[in-house]
Amino acid sequence: MADAASYDVIVIGGGPAGYPAAIRAAQNGLKVACIDGWKNRDGSNAFGGTCLNAGCIPSKALLESSELYHRAQHEFATHGIKAGALTLDLAAMQRRRATIVKGMTGGIASLLKAAGVTAIFGNGRLLPGRKVEVTAPDGSRQELAARHVILASGSVPVELKVLPFDGRQIVDSWGALEFDAVPQRLCVIGAGVIGLELGSVWKRLGAEVIVLEALEKFLVIADQQLAGEAARHFRKQGLDIRLGARVTAAKAGKDGVTVSYTDAKGEQSLQVDQVVVAVGRRPFTSGLLAEGTGVTLDERGFIQVDEHCHTAAENVWAVGDVVRGPMLAHKGKEEGIAVAERIAGRYGHVNYALIPSVIYTAPEIAWVGQTEEQLKAAGVGYKSGVFPFAASGRARAMEASAGFVKLLADKSTDEILGVHIIGPMAGELIAEAVLAMEFRASAEDLQRTIHAHPTLSEAVHEAALAADKRAIDSLNR
Ligand code: FAD
Ligand code: NAD
């Protein structure tokens, strides 16, 4: 092994938590290396982690394509457009997805290079004393050393003992993004974010989709008014969501997969072509830590960090899915950037109370801050303003009038405490709420802010007005 090359910062993991940390550290004038071991199915390496290669980006590409297909089938006639018989070219749709991923991951490599980061493909292993052993794809090894190491090794799908992945009939989310044929009957285990997004994709493309969710309640992480509205729309779209369903066994054979589960009515079974298991993800640290590094894991396998993302080992930091908090790309990105700032002696900050959540279904779902249930449980006095997209001229023009904006504000101070949106472009609209709440805006601040007409953002404005029963474009109840 050659002598240890030395860096100010080594980042292990080049996903949305790792690569921004590397770029910001380099922008701060530090000598940086970023190591990533992602391997595509064809054996090639790529930066970008789960998000770009097998998560956020490919799923949104397919969500967009499948939604267009669905709208062409079901909405064009309403607009007065006659398109003739529609056909699906899934291979072309999948090629588009792959091209987007390739472009984006190649873009990360270019960004790292432009920032002066040494980008290394390989598996990194932290040794004691902030040394890092790198095993290249060809098996060769080198040892590097750093003043600071940032661990950003991400997460992997949880596998169920009764439903082990076989990569063909029983797949994880990555597998479900790469189907080369539309299954006739698809079972999705877990009505979480992935289950709803990927269930929607294959439903729109023609599959019969049955979603088995262990919990009795739908979308417990969301405001329950929002969750209720979402469940109504998904069921109307034909997603067969079965709550309180616990999978007990599965048998894959020539004719598909038999999934057995129990629910309130007793033992049930389903015959489907394929199963997607989407029951959550777990932190990934396999092969990452040698003996004696001082880095500790909690009982669920997350790397233990303090509020500054510092681990138990001096100058070793950890960010993204591998540490506590929501497993979201933008959360990891902010943590990575904050750590890179702290290492350079600058100010780094992540406001964990204001991390927006988005589910890219149709209607789209997005929220930030507290839910009505959380405010009730905390005994906070609040007022609520709801504005339906059915009263938005722009939403009507877009033929996308399902859903609403709900704004919750403190009853005595008027500070906005939560915004919950189900409807068109909810993921874009929520940004205004995040910004307002970052500046601790009141409902009145939003009420006094001019929103262009006709835009979807007027619904946010009107929800703020509705909180004081002063909405103009809908009834104040
Ligand atoms: P990762 O993206 O997992 O990256 C970690 C990287 O480190 C990987 O490339 C891995 O190969 C590498 N690595 C691990 N160990 C080592 C090692 N020892 N040496 C070298 N490299 C190593 N989040 C959103 O915010 N919005 C979305 O729309 C969204 N959609 C998603 C859709 C799907 C289907 C999935 C599965 C996830 C989605 N997520 C989404 C979640 C998002 O992908 C993750 O939160 C995000 O990727 C976490 O970033 P990370 O950098 O912490 O980890
Ligand atoms: P999740 O935690 O969102 O949902 C998992 C669901 O599976 C839950 O509803 C849970 O109750 C259910 N479940 C667990 N065990 C089960 C079992 N044995 N049988 C039936 N149901 C069971 O997890 P996910 O959907 O796998 O997503 C993983 C992570 O990826 C999430 O943390 C999410 O934040 C992230 N992600 C984000 C986005 C986005 O931001 N749009 C998209 C996809 C994924």
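## Two cis prolines and a positive phi

Pro454 sits in the loop that runs between helix H13 (443-447) and H14. The bond leading into this proline, from His453 to Pro454, is cis, with omega near -5°. Keep in mind that this is a predicted model.

There's another cis peptide bond, joining Ala362 and Pro363, where omega is about 0°. Pro363 belongs to the loop between S18 and S19. Then there's Asp414, a residue other than glycine with a positive phi, near 75°. You'll find Asp414 in the loop between S21 and S22. As background for these spots, most residues other than glycine have a negative phi, and most peptide bonds are trans.

## The antiparallel sheet

Those last two loops lead us to an open sheet of five strands, ordered S18-S19-S22-S21-S20, with antiparallel pairing. Which strands stand at the edges? They're strand S18 (357-359) and strand S20 (382-388); each has a single partner strand, so one side of each goes without a neighbour in the sheet. From one strand to the next, the twist averages 10°.

Within this sheet, strand S19 (residues 364-369) pairs with strand S22 (residues 416-423) in the antiparallel sense, over six bridges. Val368 has Val419 of S22 as its bridge partner. Helix H14 (residues 458-466) packs on the sheet and touches S20, strand S21 (404-410) and S22. The direction of H14 makes about 140° with that of S20.

## The parallel sheet

A separate bit of topology: an open sheet of five strands with parallel pairing, in the order S8-S15-S9-S10-S11. Its edges are strand S8 (170-171) and strand S11 (240-242), each of which pairs on one side only.

S8 and strand S15 (residues 274-277) run in the parallel sense, joined over two bridges. In that pair, Val171 stands opposite Val276 of S15.

## Where ligand 1 sits

Now for the ligand. The shell around ligand 1 is made up of 36 residues, and the closest are Asp36, Thr50, Lys60, Gly124 and Ala329. What is the make-up of the shell around ligand 1 by class? Sorted that way, you get 16 nonpolar, 16 polar and four charged residues.

A few distances are worth checking on screen. The side chain of Thr50 puts an N or O atom 2.6 Å from an oxygen atom of ligand 1, and the side chain of Asp321 has an N or O atom 2.9 Å from a ligand 1 oxygen. Ala329 uses its backbone instead: an N or O atom there lies 2.8 Å from an oxygen atom of ligand 1. Taken alone, ligand 1 exposes 1000 Å², and the protein buries 93% of that.

Which elements give two or more residues to the shell? They are strand S2 (32-36), helix H2 (49-54), helix H3 (56-74), strand S4 (123-127) and helix H9 (329-343). H2 gives the most, with four residues.

## The S4-S5 hairpin

S4, one of those shell elements, also forms a hairpin with S5. S4 and strand S5 (residues 131-135) pair in the antiparallel sense over five bridges. Leu127 is matched with Lys131 of S5 as its bridge partner. The hairpin has three residues between the strands, and Gly129 takes a positive phi near 75°.

Methods: Residues are numbered from 1 along each chain as its sequence is written. Chains are lettered from A and ligands numbered from 1 in the order in which they are written. This is a predicted model: local features need pLDDT of at least 70, side-chain atom pairs count only at pLDDT 80 or more; totals for chains, interfaces and linings use all residues. Side-chain values use heavy atoms; hydrogens and water are left out. Two strands pair if DSSP finds at least two bridges between them. Axes are lines fitted to C-alpha atoms, for helices over the stretch in contact, and angles run from 0 to 180 degrees between N-to-C directions. Contact means heavy atoms within 4.5 Å. A residue is near a molecule or strand if one of its heavy atoms lies within 4 Å of it. A polar contact is a pair of N or O atoms within 3.5 Å; within protein, one must be able to donate a hydrogen and the other to accept it, and residues adjacent in sequence count only if both atoms are side-chain atoms. Accessible areas come from the Shrake-Rupley method with a 1.4 Å probe; for residues, only the protein chains shown count as cover. Ala, Val, Leu, Ile, Met, Phe, Trp, Tyr, Cys and Pro count as nonpolar, Asp, Glu, Lys and Arg as charged, and the others, Gly among them, as polar.
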